[in-house]
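Dear colleague,

I am handing over the structure below for your records. The findings follow directly after it, and I would be grateful if you read them with the structure open.

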Amino acid sequence: MKNKFLRTLLLFTSTVLLTQQANAQAPQRMSYQSVLRNSSNVLLAETLVGIKISVLQGGASGTAVYVETQTATTNANGLLSIQIGAGTATTGSFATINWAAGTYFIKTETDPAGGTNYSITGTQEILSVPYAMYAAKSVNDSAQTAAITAQASAIESLQSQVAVLMTPSIPTVSIGTQTWQQFNLDVSIYRDGTVIPQVADQTAWADLTTGAWCYANNDPTNGSTYGKLYNWYAVAGIHDNDPNTPNKKLAPLGFHIPTDGEWTALSNYLEGASIAGTKIKSTQLWSPLSSAGTNSSGFTGLPGGARRPFEVNGSFFLNIGGYGAWWSSTQTGIVGPETAFYRFVNSNTLLNRNPTSAKEGFSVRCLRD
């Protein structure tokens, strides 16, 4: 038994290599990337590793329709990059996989010593690439071309999010002894690449007990400015309903979701909750009735609104421009396990602290570890 483990990020991208003309042939390979670390959380940089890739049909323990082996060397940042379909096939043919025949999972088995003594395994559902590959095999009409283009755009977005989560170059501000992310979180995957579902339907949102996100007012144009709204289950990394499944990480590498105590420390440093709201509010985007803050702290608190699981004054969303709210990672223990503390600012100078339902949708700010 080896004394190392690999913390692996799966990233499946769109077509990288084609067998013939790009506009006439289906992709025969799929990019795979993983960041490798040892048990001390040290990157396995410039290390030769052996890897076995299996494509499983129907589930995480389904039938292996394709298996291949490869060896590759990580780069100076511990990143392993290979092409699935370019290795030594031991079962099946990658080019003949029928991606339309149900769900597929990728199982990886890794030997950090570079051989075939595979001691580390991981399995993850393929969510994006098979659809693009399936569409590419179909008749090439304008609708399918548009679908493939949209798929490529979605994959590019996921790639950029992975880059942020794993090697974050995030704008930060130091406030007292803390270093805060300076803008609201805007990712749709957990740190390991697992997709967080977008849920627009109000009934579905109110029934959730697992992580999800939405745009304020369900309007995608709000995302670029205010980031996404997350329920608390996403903050906690609760991605399925199995109580035995380990939770995921929502925050980028090197950051975490602040606890209630860490929010209190921020408030205290800014001379108390009664005036801290003004000091964290941005100087722009607040409506005249709410008044902008001084942003003297550099926190740049945005009025990104919120989502309620129930209707308030005829709407399920609190107004953009007049309200900003951010989750803590701390459950209250007061009303039950599905309540957590959050902070919010609105028309006055306060940085308010309240407990609320995990089903609410708030912004997220991350704190450096």
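Two strands are said to pair if DSSP finds at least two bridges between them. Please note that this is a predicted model. In it, S17 and S18 run antiparallel and are joined by 6 bridges. One position on S17's side can be followed across to its neighbour: Phe341 has Pro355, in S18, as its bridge partner.

These strands belong to an open sheet of 3 strands, ordered S16-S17-S18 and paired in antiparallel fashion. S16 and strand S18 (352-357) are the edge strands, each of them pairing on one side only. From one strand to the next, the twist averages 35 degrees.

Which helix packs on the sheet? Helix H6 (residues 260-269) does, and it touches S16, S17 and S18. The direction of H6 makes about 130 degrees with that of S16.

I turn now to the nonpolar cores. The largest one holds 29 residues, among which Tyr230, Leu250, Trp327 and Val364 touch the most other members. Two or more residues of this core are given by each of helix H5 (232-236), strand S16 (324-331) and strand S17 (339-345). H5 supplies the largest share, namely 5 residues. Strands S16 and S17 thus appear both in the sheet and among the contributors to this core.

There is also a second core, separate from the one just described, with 19 residues. Val49, Val55, Phe94 and Ile126 are included in this second core.

With kind regards

Definitions and conventions:
Residues numbered from 1 in each chain as written. Predicted model: local features only at pLDDT ≥ 70, side-chain atom pairs only at ≥ 80, totals over all residues. Heavy atoms only, no water. Core = buried A, V, L, I, M, F, W, Y, C linked by side-chain atoms within 4.5 Å. Buried < 20%, exposed > 50% of the residue type's maximum accessible area, 1.4 Å probe, protein only. Helix = DSSP H or I, 4+ residues; strand = E, 2+ residues; numbered from the N terminus. Axes fitted to C-alpha atoms, helices over the stretch in contact; angles between N-to-C directions. Contact = heavy atoms within 4.5 Å.
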